[in-house]
Protein chains: 2
Amino acid sequence: MSGTDTQFQPASMADRASAQAIGFLMQQGIENADCLSLAAGFVDPETLPVDLVREATVKLMGGPAGKPTLQYGTTPGSDSLREVFRNYLTELEGDSTQLKSLSLDRIVLTTGSQQLLLLVSQALFNPGDICLVAAPTYFVYLDVLDGVGAKAIPVTTDENGMCPEALDTELQRLSSEGQLHRVKLVYVVSYHDNPAGVSVSAERRPRLMDVVRKWSADQHLFLLEDAAYRELHYDGPVLPSIFSYDQQDKDDPQHVILSQTFSKSFSPGLRVGVGVLPQQLVKPVFDLKCNEDFGSGHLSQNVVASVLQSGAYRQHVSRLQHSYKGKRDAMLAAADEFFLDIPGVSWLRPNGGLYVWMTLPDHVNTGFDSDMFKQATHTDKVMYVPGELCYPSDWDQRPRNQMRLSYGVLDNEGIREGMKRLASAVRAVV
Amino acid sequence: MSGTDTQFQPASMADRASAQAIGFLMQQGIENADCLSLAAGFVDPETLPVDLVREATVKLMGGPAGKPTLQYGTTPGSDSLREVFRNYLTELEGDSTQLKSLSLDRIVLTTGSQQLLLLVSQALFNPGDICLVAAPTYFVYLDVLDGVGAKAIPVTTDENGMCPEALDTELQRLSSEGQLHRVKLVYVVSYHDNPAGVSVSAERRPRLMDVVRKWSADQHLFLLEDAAYRELHYDGPVLPSIFSYDQQDKDDPQHVILSQTFSKSFSPGLRVGVGVLPQQLVKPVFDLKCNEDFGSGHLSQNVVASVLQSGAYRQHVSRLQHSYKGKRDAMLAAADEFFLDIPGVSWLRPNGGLYVWMTLPDHVNTGFDSDMFKQATHTDKVMYVPGELCYPSDWDQRPRNQMRLSYGVLDNEGIREGMKRLASAVRAVV
């Protein structure tokens, strides 16, 4: 910088957004480009629907919806589009009557689900407010919380998802410490979550709602249900959303924000997400989104609506499920082949999603600066996501011996080779 | 709300975003749907490029760029896309060498230019900070400033754009009041602005930069050049951007954020904007955008890149200029026909853009609650944008007797009829 000028300091909002795990991760991806990547959360490029997008666009631009698609619209998306997305949500929920009668006003189309996660967080949190999160949880959302100055507090989570009793206990603790008024939100990735591949069990879904309702007598709590991986379901029971347990009584206030995206089930590049908001959040979120962009891209939204209406989307998701199921099986088979005889190593067997969550012996740190990460990336040429990123960074009890392994991008052969290399790295450091 | 639950209060960020002029305006549009609209800032639906979008998508999805378009990418847009947009900016600037060598890192693709306006504002302003704005200015940006808690201070502006002397005087005043350290930005719509249709003159462009540089010795100032209407140019000189006067010396710090959009020149529904950032703002803006959406929609970006590369975009803009020029002429002819003999009424004659700015006699208030607005919308069935929206709402000296009239949406006959009705309303209240 020139001596004739003064130093520039970014505003606090930019400052808080400045240390994102995703940034470190992408940097590691660039620096370790020669590695097989079990880290990338990208979807399988083979499945990307170029033909469906072309056909939908041709149909769209040749019809009456062509010009409206290219014109300004309304911030949350047009009513006709939102109706298509409401039908989609209704179908997912098993033709729930409750959803059929959902007011279109509560539906918002966003730039991926990421934008909804941010807008909801901006609407809820003042700096210093608190969000309860599963442990582990989606590390990008921890960055969003940092960005709005909110504190993430971990809640015990096992292979059945977030424990309602642990949530209750944590709220009791915060209440006794006079902090309950700072708690605004519970964040749960409810299906085949990122990073651990676990779903909140059928039995726990209504019980999480009960805890949220109970404490809302003292402090209105929302629950953000991130259902990004809902349709990447390969086996096990099909579960109703947590959202479906909200608002059984029309006079009750609503608690659940339902966030869905077409990034995993169709195409991330289209950046189409859909959210359902509690009535109380409609105006704050729409106001924020209006300041942000007046609405997300209509072309992408209309392409997705078109394949939803034609039935092509359902067929695409079926093919996707079949393909990812094979890759999930390939990763679990490779885990059995290469890791079963390494003492102290365990992993979860997901029913869906894109990830296998692996735990190493307690003393094996997996972080970016660890011997394990160096061994994996420098010697064995394989990359993973360090599990510690998936816990609040100021939580000193966070486990540091875990790894998120993705089977999204590699083919079956690549998955096996990646797991073989990873086992070699683990053996070297155990 | 149920008595069993506590009241929800939105966070301060949502609260600050809650009273947007655009919201009131859209509400008025809905309530006065039976009016001819000289208010809507929409583009002419006849010009929307459905054929070009269809052809570009077909080409794209059938080629090697198809799958990458549908996959995740990087937050600011891929390098290959940003190179296409750099070439476009270079061409606009008359093949400027400076732009040819612009680092791709400084280019960001956004969801319309609106997202860039917000991200830059989030990166610069803490609540209580100050932005200097033209008077009148783009009312939506005043809402953005409200949203981040920044104070807008008006700078005298005439038919040659913002006055450099007035900017200097205002900075001098703020400095003498000990407020200079709160000033972060000067906001200028540099070409055929919204709302007044005026451009900053050739002579004033470098002088605005001189003022910004001069005061940056004490407090680093940025200048946000919103060039949304740059290509809607019908006659008069083709002007270099204010950006082109920045960074003549590579060692100097950069001051200008250049914001461009394809919403006016191609399609608003695609939501594609492109910005050039001073090096110091690259990381803060990218960090904020990463938290927001990981990147805007690739399909729209690639469609625009495709028509830029094929030359179809240039041809489209030529047709657009021809069409809007005719509509501009129709509105000015109707102004001459119906308003010339009304005492105290005057208007500007724009060389481009979408708007004619009309001033009524001092005592005629044009606001939403005024007799004039009621007369126009209820009796004469025509709607306009009250000029007072285009000044900071806490500025008690703001003119309240002006109107923004748009010729964007109506055809020539509709424009004449709208102006005839408006003249009737003015006569009734003068």
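**Exercise 1. The open sheet in each chain**

In what order do the four strands of the open sheet of chain A stand, and what is the sense of their pairing? Work out which strands lie at the edges, and then turn to the sheet of chain B.

Solution. The model is a predicted one, and the reading begins with the sheet itself.

Step 1. In chain A the four strands follow the order S10-S11-S14-S13, the sheet is open, and the pairing is antiparallel. Strand S10 (346-347) and strand S13 (385-386) of chain A each have a single partner strand and stand at the edges, so one side of each is left without a neighbour in the sheet.

Step 2. At the S10 end, S10(A) and strand S11 (residues 355-359) of chain A run antiparallel and are joined by two bridges, and here Trp347(A) stands opposite Met358(A) in S11(A).

Step 3. Chain B likewise has four strands in an open sheet with the order S10-S11-S14-S13 and antiparallel pairing. Its edge strands are strand S10 (346-347) and strand S13 (385-386) of chain B, each of which pairs on one side only. Two bridges link S10(B) with strand S11 (residues 355-359) of chain B in the antiparallel sense, and Trp347(B) has Met358(B) in S11(B) as its bridge partner.

**Exercise 2. An enclosed strand in chain A**

Determine how far strand S9 of chain A is enclosed, and identify strands that pair with it.

Solution. Burial is taken before pairing.

Step 1. Strand S9 covers residues 272-276 of chain A, and five of its five residues are buried, so S9(A) is largely enclosed by the rest of the structure.

Step 2. In a regular strand, side chains alternate between the two faces of the sheet. For S9(A), Val272(A), Val274(A) and Val276(A) belong to one side and Gly273(A) and Gly275(A) to the other, and as all of these are buried, both faces are covered.

Step 3. Strand S2 (residues 107-111) of chain A pairs with S9(A) in the antiparallel sense over five bridges, with Val274(A) as the bridge partner of Leu109(A). Strand S8 (residues 256-261) of chain A also pairs with S9(A) in the antiparallel sense, over four bridges, and there Leu258(A) has Val276(A) as its bridge partner.

**Exercise 3. Parallel pairing and a crossover in chain B**

Describe the setting of strand S6 of chain B, and trace the path of the chain from S6(B) to S7(B).

Solution. The strand is placed among its partners before the connection is followed.

Step 1. Seven of the seven residues of strand S6 (residues 183-189) of chain B are buried, so this strand is largely enclosed by the rest of the structure.

Step 2. Strand S3 (residues 130-135) of chain B pairs with S6(B) in the parallel sense over four bridges, and Val186(B) in S6(B) is the bridge partner of Leu132(B). Strand S7 (residues 222-226) of chain B is also paired with S6(B) in the parallel sense, over five bridges, and Leu185(B) stands opposite Phe222(B) in S7(B).

Step 3. From S6(B) the chain passes through helix H10 (residues 204-216) of chain B to reach S7(B), a β-α-β crossover that is right-handed.

**Exercise 4. A residue in helix H12**

Is Val307(A) buried or exposed, and which residues does it contact beyond its neighbours within four places in sequence?

Solution. The count of neighbours settles the first part.

Step 1. Val307(A) is located in helix H12 of chain A. The cut-off for burial is 20 or more other C-beta atoms within 10 Å, and Val307(A), with 22 C-beta neighbours inside 10 Å, therefore counts as buried.

Step 2. With neighbours within four places in sequence set aside, Val307(A) is in contact with Leu52(A), Ala56(A), Ala312(A) and Tyr313(A). Val307(A) and Leu52(A) are 255 residues apart along the chain, and their C-alpha atoms are separated by 7.3 Å.

**Exercise 5. How the two chains meet**

Establish the relation between chains A and B, and characterise the side of chain A that touches chain B.

Solution. Symmetry is considered before composition.

Step 1. Chain A is superposed on chain B by a rotation of 180 degrees with 0.0 Å of shift along its axis (RMSD 0.0 Å). That is the relation of a two-fold axis.

Step 2. Of the interface residues of chain A, 100% are also interface residues in chain B, so the copies meet through the same surface.

Step 3. The contact takes 75 residues from chain A and 75 residues from chain B. On the side of chain A that touches chain B, the largest share, eight residues, comes from H11(A). By class, this side of chain A has 32 nonpolar, 32 polar and eleven charged residues.

Step 4. As for confidence, the predictor gives the complex an ipTM of 0.93 and a pTM of 0.94, while chain A has a mean pLDDT of 94, with 97% of its residues at 70 or more.

Terms used:
Residues are numbered from 1 along each chain as its sequence is written. Chains are lettered from A and ligands numbered from 1 in the order in which they are written. This is a predicted model: local features need pLDDT of at least 70, side-chain atom pairs count only at pLDDT 80 or more; totals for chains, interfaces and linings use all residues. Copies are superposed by least squares on the C-alpha atoms of residues with pLDDT of at least 70 in both. Two residues are in contact if their C-beta atoms, placed from the backbone, lie within 7 Å. Two strands pair if DSSP finds at least two bridges between them. Ala, Val, Leu, Ile, Met, Phe, Trp, Tyr, Cys and Pro count as nonpolar, Asp, Glu, Lys and Arg as charged, and the others, Gly among them, as polar. pLDDT is the predictor's confidence in each residue, from 0 to 100. A residue is buried if 20 or more other C-beta atoms lie within 10 Å of its own, exposed if 12 or fewer, and partly exposed in between; C-beta atoms are placed from the backbone. A crossover is right-handed if, with the strands pointing away from the viewer, the path from the first strand over the helix to the second runs clockwise.
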